[in-house]
Amino acid sequence: MPALLTRLNDAAKGKVLTLQEYFILAGKSLRFIFARPFYGQDVVQQMDEIGVKSLGIVLLTGLFTGMVLALQSSVQLKTFGATMYIGNLVSASMIRELGPVLAGLMVAGRVGSGIAAQLGSMRVTEQIDALNTLGTDPIKKLVTPRVLAALIMVPVLTIVSDFVGIIGGNIISSVVVGLPSGQYWRTVWEQLASDGFVFRYIPNDFVQGLSKPLVFGAIISITACYFGLGTTGGTEGVGQSTTKTVVTASILILVVDYFITQLLLSVLTYA
Amino acid sequence: MPDRTKRDARHQPEAVRRAIRTELAADDIAKRAERAKHPRAARDPSIPVVALDHVSLGFDVPILEDISFRTLAGHTLCIVGESGTGKSTILKLILRLLVPDAGRVLIDGEDITPLSFEEALIVRQKMGMVFQGAALFDSMTVFENVAYPLREHTDLGEDEIEDRVREKLTFVDLDPDRVMEQLPSELSGGMRKRVGVARGMANNPEIMLYDEPTSGLDPLTTATITQLIMKLQRELGVTSLVVSHDIRSVFRMASQVALLQNRRIVFCGTPEEMTASEDSYIRDFLGGA
């Protein structure tokens, strides 16, 4: 029994230590955004890597999610004679939930694994130690540019995903359901307007839809950098780090999404 | 040994020697002015550049116990021993990538163990490190690798940086025009090591650390790298610490040899003293090597 307790104690300590290291890395990487030297070129390079190169996958998932959403909802709404509300349903679902979450999951899979593999390889080939010996803080040089780029690009990708998803809904509602495009876009706007505004002009749905990807961007980049920098055990360790990154970031995105939604629903005034 | 030194000096291209002299005269003016303000400016030659004072380190198990040695300016200390005895760990302690559990690590007489991470980054600028696998940044070209410390820590313009990179690559016997735009993956093992040396010395450090600089290299390339380390010590007066398994190379370049056994230094002296030793472990080690 004491042995079991000791093991449990050690395991708990290990988890707390991991959390502590994770938040220290997060804190440092965010603090270094405002500290010299600035690695502007690295940030731009990472924005290209995280944003531009993820555009294809985000466009595809957004488009087909919007299309399938319109298709499924048309079947249900038809029974009530309410197919004119497809626009409301697609826009609310895409902007509030599916756009941010799907873009986040796609970026976690594509970019998170890439970052973890790159930093993990740098760790096992002593390139991180080399940075240290050359008087460079690896967090400042490697983590902060990736975090900053993700903070900027994940919301941008989400906007693209939302927009393309709503267009996908438009395609299905006009081609399959026979709803005129004008009416579809009118209901999309009605949905945005009916949910209320922040500062009179910013729809509440936009606040929800853009605050989430900001947090998801931080989760993906910090998780990937955390596991990447902590890689041990050669190439096998690199593989494990990438797997851990994708699994952890995906779970965190889904869990944190719930809590952000809960928080925003209690803070924002919905009509 | 003196004959070899003369022979190497004769073979040294005049352009390179001139470049080194110019560099020593001009390049370090700012650094020297800075040092002149520092209390260490009037350095006592008897003060060791690198010293470990009763250092112990362990994680789950003890790795190093009661390690002490001192290296004077311009000397080359080679650390030898069986695999897994903590040789590379000593270099990490000197770089302050690790902090000892007990004892002190002194650089230029200053204890670096209590320094913060940011302060340690500044101290590391005095040192150049050549890693076992060279640890070149594989996303950067050779030029960018060697230029990296200059871009990070100096205000040199791009033209000056290019001149400096060319000098360093020439110093390590590489043709700058041929290799500068190549990626590390396009180089041979020996060339990668030499680029690693060029990057380590780009900022004109006072101390060079080498982790297994000749491992995995053929005998000819091993001899080239060994000569390069000697050239650095001889012509630039750099203090060197070399971790190596290659006893032949060690005996060629070392002013002092430290032998590690079971986490402790069991011998520290000149190569001649080591070969003359009657200690059975030392004799076995040299015989085996």
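Reader: Where is the nearest side chain of opposite charge to A:Asp162, which is buried yet has no salt bridge?

Author: The nearest one belongs to A:Lys212, 10 Å away from A:Asp162. Here buried means under 20% relative accessible area, with exposed being over 50% and partly exposed in between (1.4 Å probe, protein chains only); a salt bridge is a side-chain nitrogen of Lys or Arg within 4 Å of a carboxyl oxygen of Asp or Glu; and Lys and Arg count as positive, Asp and Glu as negative, while His and the chain ends are not counted.

Reader: What is the basis for these values, and how are residues numbered?

Author: This is a predicted model, in which local features need pLDDT of at least 70 and side-chain atom pairs count only at pLDDT 80 or more, whereas totals for chains, interfaces and linings use all residues. Residues are numbered from 1 along each chain as its sequence is written, chains are lettered from A and ligands numbered from 1 in the order in which they are written, and side-chain values use heavy atoms, with hydrogens and water left out.

Reader: Back to A:Asp162, what does it touch?

Author: Leaving aside residues up to four places away in sequence, A:Asp162 touches A:Met94, A:Ile95, A:Gly99 and A:Pro100, a contact being heavy atoms within 4.5 Å. A:Asp162 itself lies in helix H6 of chain A, where helices (H or I, at least four residues) and strands (E, at least two) are DSSP runs numbered from the N terminus.

Reader: Switching to the interface, how many residues does each chain put in?

Author: Chain A contributes 16 residues and chain B 21 residues. About 1,700 Å² is buried between the two chains, with carbon and sulfur atoms giving 57% of that area; the figure is the accessible area (1.4 Å probe) that two parts lose on being put together, summed over both.

Reader: And which residues form the salt bridge there?

Author: The count between chain A and chain B is one salt bridge, formed by B:Lys92 with A:Asp129, whose closest N and O atoms are 3.9 Å apart. On the side of chain A that touches chain B, helix H5 (127-133) and helix H6 (138-177) each supply at least two residues, and H5(A) gives the most, with six residues.

Reader: Now chain B: is B:Met201 buried or exposed?

Author: B:Met201 is buried, with a relative accessible area of 3%, and lies in helix H9 (residues 189-201) of chain B. Among the residues that B:Met201 touches, not counting those up to four places away in sequence, are B:Phe171, B:Val172 and B:Leu232.
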